[in-house]
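User: I am new to this structure and would like to understand the terms used to describe it. Could you go through them with me, setting each value against its cut-off?

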Amino acid sequence: MIRIFLYIILLFIPFSAQAGDLNEKAAEEKMLIVTGYQYVQGSDSDDKEIGHSLCGTRCNALSANYKNIMEPGGWNIIRISSSKEVLTELGNRLISGHCICIADEYIVQQDDRFKVLKNKGRMAGRY
Amino acid sequence: MVHSMRPMLSYVLITAIMAILAHTPMYAAAVPDSAEKISISGKKLSDNEIKRLGERMYREGIMPSGEPMKAYVSGDVPMTGSAFSCVSCHLRSGLGSVEGGVVTPPTNGRVLYRERRPYIKGMEFVPLIHNYAVYLPVRPSYTDESLAKVLRTGSDPTGRMMNSSMPRYQLGDEDMKILIAYLKTLSDEPSPGVSKTGIRFATVITEGMDPVAVESMLAPIQFSVDRKNSLVTAARKNDRVARMGYNMLGGLSEISFSLSRWVLKGQPSTWRQQLEDYYRAEPVFAILGGISNEEWEPVHRFCEENQIPALIPSTDYPVISETDWYTLYPSRGLRQEGETAAGYLSSMHKLFKDRPVVQITRQGRRGQALAKGFRENWAQAGHKAAIEIELKDNEVMSPERLRQIASKERPAAILIWDDQASIHSIAGIRDMPDGPGFVIASGTYLGKALWTLPEGIRDILYITYPYRLPHEDSRFDAQIRKIIPGKDLATFDYSSLRRSFIAGDLLGKALMEMRGEYYRDFLLDTIGMMTDMHYPLYERVSFGPGQRYASKGCFIVKLGKGDNPKLERLSDWTVQ
């Protein structure tokens, strides 16, 4: 019985490896669209106003321009989480502290909704 | 059912016929000359003088006396012509515009002095040149008297009143004659390089350029020309292709393109004469692309003086001008990176607490362009001038020397406009407790060395990067591959290929919208009316009337960790 179980596991190893690759590939293609931000002072001497302004720049920089993905064609974005908090260190000698960026997270996928499947006579896609 | 379909079919048929007829170029010149000579204070004016004075009235709203033209808008709101000049709506070519739902009809004599009659008897509206979804009412042809009346009162020859945003100009008889005489010259004679069967273009290549960069610049525009000509050839052989081409492109479908290569040799001071010789031998409608890693100014001046549009030349040293008209550059070049650094640091200036900025510049064209961009924008923002250090030929900034400078001057920011030779010196200030908060270098100056910066300095080095990030730009590669079929993208020069792609695509789109009106000013007016586009290479390419630098922004980035690092944005697309 144990032997059969081991055979079954061995049989499925290649498929699970492939699935792992796909997940890894999908995991690489993530993007953020930032909707808000705040500055957290590192010390009392840090200038709150300039820190907030710097965090605005840093958090906006995390945000991807979705048109870079949609305009060339062939790609699509799907939201996987919203209002996610992303910590960004300012990493500057003149001001300490960090930024909390509030962002919606998306995965980027190839847009195959209108691809006609071979010998199937129907279109692929997520309907 | 049959009955209900009939009106719809008739409508489709009529619209199709109108669209086809409307494609016909309007070459009929029925503009009456001014019967009498125009004079001011008893002095008769020459034709050139009339044109100069009329141009000033049209473009700047300044009367021959030097006073601003007076006008009323929206009924009784007084305005001066300089704030509401003709050119701001009717554009430089006089062929009008469509913007934000406001339709400005053509105001050139050739169109005004021709009856706007329906293509089909009984129709009361005629499609506009720019946009066949926009219709203008029929009217008889203007005369000098009825044109003067509409300019003064807003009442056209049919008695219809113009939109209230059209100024009613308060002009005396002589001034009115001058303006009308100028309108008669607008977009009147076909532009050089254009015939009924062809449009000639040229590209400019300066001697000594890297052959790969030249080939990369040529490939996209040659592809655009070849593709257009193959349609002409196919249309001649096949009626269905001809009909399809005509429906898509109108008269343009029968017009062939040619592309000449003007190679400039020797010193830049001799280029002007070479350009004149080329132009005399073969006048061209426009210059497409072009490439130089030295000067571009002689070509710029030549185009400006001969009124030749030049689209997207591949150069890092564009001529910066707020008033020049004929060259449309991809960006402000290297200088734009210096300007971005100034803007970025200016927004952080409060952190500096009176600590200075040090600017280290490699002697030579590249460093100077970057330094100048920074210097001017930094001064414009009202900051104290940076401490300037110039690196002479073969002089390299060592880590020790940079540390000495940082200890002595205690700068809040250091800019290093040099290649990797001096960038490595940053290691010398990495661990200084009171070191600068910002160290900035140019991504363009670093070139390929950008990708192999030592790990130790990546965290503290801010880099100006005037392009879309490469891992995001790669999605546009599919578009580029279409124009270099069968060739490996990696064998081309990255930026030259993409800039030239923009030139070819822009030309195609503009010519399609010009609908037979192949005038140089109209080409630039048409591009100015285009909405923002998403092209390879630049994060955003935008146009507007009179704007001459297509990409206006730049990122501040840092290089990520690892052997195969990515660029990480530290700012959004900063527009100066």
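**Reading the cavities and their surroundings**

Analyst: In this predicted model, the residues lining the second largest cavity divide into five nonpolar, three polar and two charged. That cavity has a volume of about 30 Å³, and its lining includes H300(B), W325(B) and R548(B).

User: What makes R548(B) a charged member of that lining, and W325(B) a nonpolar one?

Analyst: Both residues belong to the lining of the second largest cavity. Arg counts as charged and Trp as nonpolar, so R548(B) falls in the charged class and W325(B) in the nonpolar class.

User: How many cavities does a search of the whole structure find, and what lines the largest cavity?

Analyst: The search finds two cavities of 30 Å³ or more, and about 70 Å³ of space lies in the largest cavity. Among the residues that line the largest cavity are D316(B), E337(B), T444(B) and Y538(B), and by class its lining has four nonpolar, four polar and three charged residues. Helix α11 (residues 334–347) of chain B gives the largest share of this lining, with three residues.

User: Why is T444(B) called buried?

Analyst: The relative accessible area of T444(B) is 17%, and buried means under 20%, so T444(B) meets the cut-off. T444(B) lies in helix α15 (residues 443–446) of chain B, and it touches residues including D316(B), L334(B), R366(B) and Y467(B), when those up to four places away in sequence are not counted.

User: How do you know that T444(B) and E337(B) form a polar contact?

Analyst: Their side chains are joined at 2.4 Å, and a polar contact requires a pair of N or O atoms within 3.5 Å, one able to donate a hydrogen and the other to accept it, so the value is within the limit.

User: What makes strand β17 of chain B mostly covered?

Analyst: Five of the five residues of β17(B), which spans residues 413–417, are buried. In a regular strand the side chains alternate between the two faces of the sheet. In β17(B), A413(B), L415(B) and W417(B) on one side and I414(B) and I416(B) on the other are all buried, so both faces are covered.

User: Why are β17(B) and β18 of chain B called paired strands?

Analyst: Four bridges join β17(B) to β18 (residues 438–442) in a parallel arrangement, and pairing needs at least two bridges, so these strands pair. One of the bridge partners is F438(B), which lies opposite A413(B) in β18(B). By the cut-off of at least two, β17(B) also pairs with the parallel strand β15 (residues 357–362), because five bridges join them, and in β17(B) the bridge partner of V358(B) is I414(B).

Technical notes
Residues are numbered from 1 along each chain as its sequence is written. Chains are lettered from A and ligands numbered from 1 in the order in which they are written. This is a predicted model: local features need pLDDT of at least 70, side-chain atom pairs count only at pLDDT 80 or more; totals for chains, interfaces and linings use all residues. Side-chain values use heavy atoms; hydrogens and water are left out. Buried means under 20% relative accessible area, exposed over 50%, partly exposed in between (1.4 Å probe, protein chains only). Contact means heavy atoms within 4.5 Å. On a 1 Å grid over the protein atoms alone, a cavity is a set of points where a 1.4 Å probe fits but cannot get out, and a pocket is an open set with protein on both sides within 12 Å along at least five of seven lines; lining residues have an atom within 4 Å of a point. Grid points are joined across faces, edges and corners, and a volume is the space filled by probe spheres set on the points.
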